[in-house]
Amino acid sequence: MKDKIRIASGQGFWGDLIEAPYWQVTKGDIDYLVMDYLAEVTMSILQKQKNKNPFAGFAKDIPGLMRRILPFCTRKNIKVITNGGGVNPEACAKEVLNVAKELGLKKLKVAIVVGDDIFSRINELVSNGHPLKNMDTGEPVSIIKDKLLSANVYFGAFPIVEALKLGADIVITGRTTDTGLTLAPMIYEFGWNEKDFDLLAAGTIAGHILECGAQASGGNFLGDWQSIENFAEIGFPIAEAFPDGKVIITKHESLGGRVSFETVAEQLVYEIGDPKNYITPDCVADFTSIKLEDMGNNRVMVYDIKGLDATEFYKVSCSFMDGYSSSASLTYSWPQALTKAKAADKILRQRLENLGLKFDEIRTEFIGYNSCHGPLAKEMDEDLINEIMMRVAVRSSDFNSVERFGKEIAPLILTGPPAVTGFAGGRPKPSEVVAYWPALISKKVVVPQVKMMEL
Amino acid sequence: MKIRLIDIAHGRSGDKGDAANIGIIAYDDYGYNIIKTYLTEEKIKKYFEGICFGEVKRWEMPNIRALNFLLNNTLGGGGTVSLKHDAQGKTLAAALLRMEIDIE
């Protein structure tokens with residue numbers, strides 16, 4: 001058993017800094033690179049892509065990234081774990097193996113974790129007594145069945161552990177929890193078992209700290225952000241994990257950013273509910289048990305963590321079609337920028353009403369004034385306002401109303417208040433609103449499968 | 001004495017469906033006592049009037065001198081349904097840190 005492993009975060013979401021995983025494998029020593037690509041909305045986008053093309057449906061960045069990092073990973077024995085397989089881990093793995101072949105690698109084991117995609121099983125599950133009730137509203141999934149776009153179960157760390165036991169160099173999963181990606185190598189390397197809840201909670205919390213990339217190492221830091229050095233080459237966080245569950249959060253020394261009590265604490269409170277009950281498929285972690293010790297030199301120790309039994313359920317993330325939306329903006333300059341923007345909004349709304357269009361919501365925000373803090377925005381002396389961007393967004397189940405809204409923006413330039421600009425790129429087109437349906441399902445009816453694909 | 005929250009604390013906010021989470025972390029124990037005393041659920045609900053249309057829940061995390069708030073019915077439907085420019089509530093922690101507190 002190793003006495004320590006170093007797990008590096010490479011991506012916090014699909015669209016994150018492309019150089020980050022390359023830096024993680026080249027600028028210092030690590031044992032694992034973990035990359036989270038999936039947000040709730042991502043799964044539905046990927047499902048749509050797969051519907052059009054059976055070879056699509058995964059994070060397209062992965063093959064290109066592998067081309068750059070695989071030579072380093074093989075030489076330095078770095079394993080890669082990612083949930084970027086989306087709704088098509090197999091197609092993703094095939095592309096990665098093709099890249100490996102082109103690079104002249106002789107040997108590579110790529111494991112995929114599947115079974116999370118229950119989209120095609122919905123009818124069967126519902127008729128077998130699994131109503132997939134919405135966790136917020138209590139309504140059964142059957143009411144949106146015809147509008148469903150995707151349905152995926154969140155798996156935890158253990159299927160990845162199985163893949164590592166089979167000797168995988170790369171593990172590509174579908175919908176796996178972000179925290180499971182980081183926890184899995186700890187379970188595998190240190191021989192933790194499914195009942196070691198304190199240890200599982202420790203790895204889960206390390207995963208929570210790593211899952212949003214540089215948000216734990218100085219990015220988006222609301223404290224003394226001006227003093228963070230070298231944002232341009234910000235180092236993503238690395239979890240140095242020990243068999244007793246102790247974890248030291250750090251980063252590569254030559255890269256920018258900062259790992260401190262404050263930067264880690266900010267990530268700990270990010271997107272959590274009840275801190276005593278942080279529920280994952282692997283355990284329930286208690287965030288109020290965490291002890292944080294700033295050791296200096298960009299090292300923060302995280303220890304003394306307590307956890308409880310996992311629940312009997314997996315979380316399911318479904319997405320469904322829920323109408324159309326569109327947004328558009330125009331910019332008004334001094335003088336009276338805000339007054340003019342407000343007048344333009346009134347004119348626009350009058351025209352939409354006169355046309356008899358139907359909207360579930362029309363929302364207007366004045367960027368430069370209140371788009372972030374709404375009614376909390378403080379009054380401003382209008383003569384000091386240089387410019388205001390009016391942003392109007394609409395949502396409706398009626399496609400035609402949303403489409404017509406897009407045709408009513410540009411006319412405001414010649415038919416409304418003066419000193420206005422910023423309308424380019426043509427009429428905004430309606431986009432499909434993909435809504436999210438969270439549910440629970442018994443762990444007994446969904447079984448993860450691990451498949452090995454080799455060069 | 002009036003103090004601004006941003007002078008004694010920092011924080012981060014994000015989305016959980018249509019709810020926004022705001023974590024506020026005090027820089028020291030003195031600050032933690034202040035936020036624990038003054039940032040009640042009622043006070044937060046009133047402060048975010050016109051933004052938060054649901055229940056506010058608060059949890060204490062004394063281990064990191066933090067409070068976590070969940071503001072239900074706050075993000076205009078959340079996710080891709082929301083028409084808000086800040087659909088994920090990313091700037092709400094900053095909005096809260098702008099609060100002035102009158103301490104005794």
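Biologist: Where is F119(A) found in this predicted model?
Modeller: Look between a strand and a helix of chain A. The strand is β4 (109-114) and the helix is α5 (122-127). F119(A) is found in the loop between β4 and α5 of chain A.

Biologist: Is F119(A) buried or partly exposed?
Modeller: Count the C-beta neighbours inside 10 Å: F119(A) has 17. A buried residue needs 20 or more, and an exposed one has 12 or fewer. Because its count is 17, F119(A) is partly exposed.

Biologist: Which residues does F119(A) touch, not counting those up to four places away in sequence?
Modeller: Contact here means C-beta atoms within 7 Å. Leave out residues up to four places away in sequence. Then F119(A) touches Q47(A), S150(A) and A151(A).

Biologist: How far apart in space are F119(A) and F231(A), C-alpha to C-alpha?
Modeller: In sequence they are 112 residues apart. In space, C-alpha to C-alpha, the distance between F119(A) and F231(A) is 41 Å.

Biologist: What lies between domain 1 and domain 2 of chain A?
Modeller: The assignment gives domain 1 (5-116 + 154-311) and domain 2 (322-436). Their C-alpha centres lie 39 Å apart. The largest nonpolar core has 167 residues. Both domains give residues to it, so what lies between them is this core.

Biologist: Which element gives the most to this core?
Modeller: V171(A), A184(A) and I249(A) touch the most other members of the core. By element, the top contribution is nine residues, and it comes from α8(A).

Biologist: At about what angle does α8 run to β13(A)?
Modeller: Helix α8 (residues 197-210) of chain A lies across β10 and β13 of chain A. Its angle to β13(A) is about 110°.

Biologist: Which are the edge strands of the open sheet that holds β10(A)?
Modeller: Three strands form this sheet, in the order β9-β10-β13, with antiparallel pairing. β9(A) and β10(A) pair over two bridges, and I279(A) stands opposite V284(A) in β10(A). An edge strand pairs on one side only. That gives β9 (278-279) and β13 (306-308) of chain A.

Biologist: Which residues of β8(A) point the other way from V247(A) and I249(A)?
Modeller: Strand β8 covers residues 247-250 of chain A, and the four residues named here are all buried. V247(A) and I249(A) point one way. I249(A) touches residues including I209(A), P237(A) and V264(A). Pointing the other way are I248(A) and T250(A).

Biologist: Which residue in the turn between β7(A) and β8(A) has a positive phi?
Modeller: Four bridges join β7 (residues 238-241) to β8(A), and the two run antiparallel. In that pairing, T250(A) is the partner of I238(A). The strands form a hairpin with five residues between them. The residue with a positive phi, about 95°, is G245(A).

Biologist: Which residue in β12(A) stands opposite V247(A)?
Modeller: β8(A) also pairs with strand β12 (residues 299-303) of chain A. That pairing is antiparallel, over three bridges. Opposite V247(A) stands V302(A).

Biologist: Which element gives the largest share of the side of chain A that touches chain B?
Modeller: The contact takes 43 residues from chain A and 32 from chain B. Elements giving two or more residues to the chain A side include α2 (40-52), β14 (313-333) and β18 (431-442). By class, that side has 21 nonpolar, nine polar and 13 charged residues. The largest share, five residues, comes from β18(A).

Terms used
Residues numbered from 1 in each chain as written. Chains lettered and ligands numbered in written order. Predicted model: local features only at pLDDT ≥ 70, side-chain atom pairs only at ≥ 80, totals over all residues. Contact = placed C-beta atoms within 7 Å. Nonpolar A, V, L, I, M, F, W, Y, C, P; charged D, E, K, R; others polar. Domains from an automatic or database assignment. Pairing = 2+ DSSP bridges. Axes fitted to C-alpha atoms, helices over the stretch in contact; angles between N-to-C directions. Core = buried A, V, L, I, M, F, W, Y, C linked by C-beta atoms within 7 Å.
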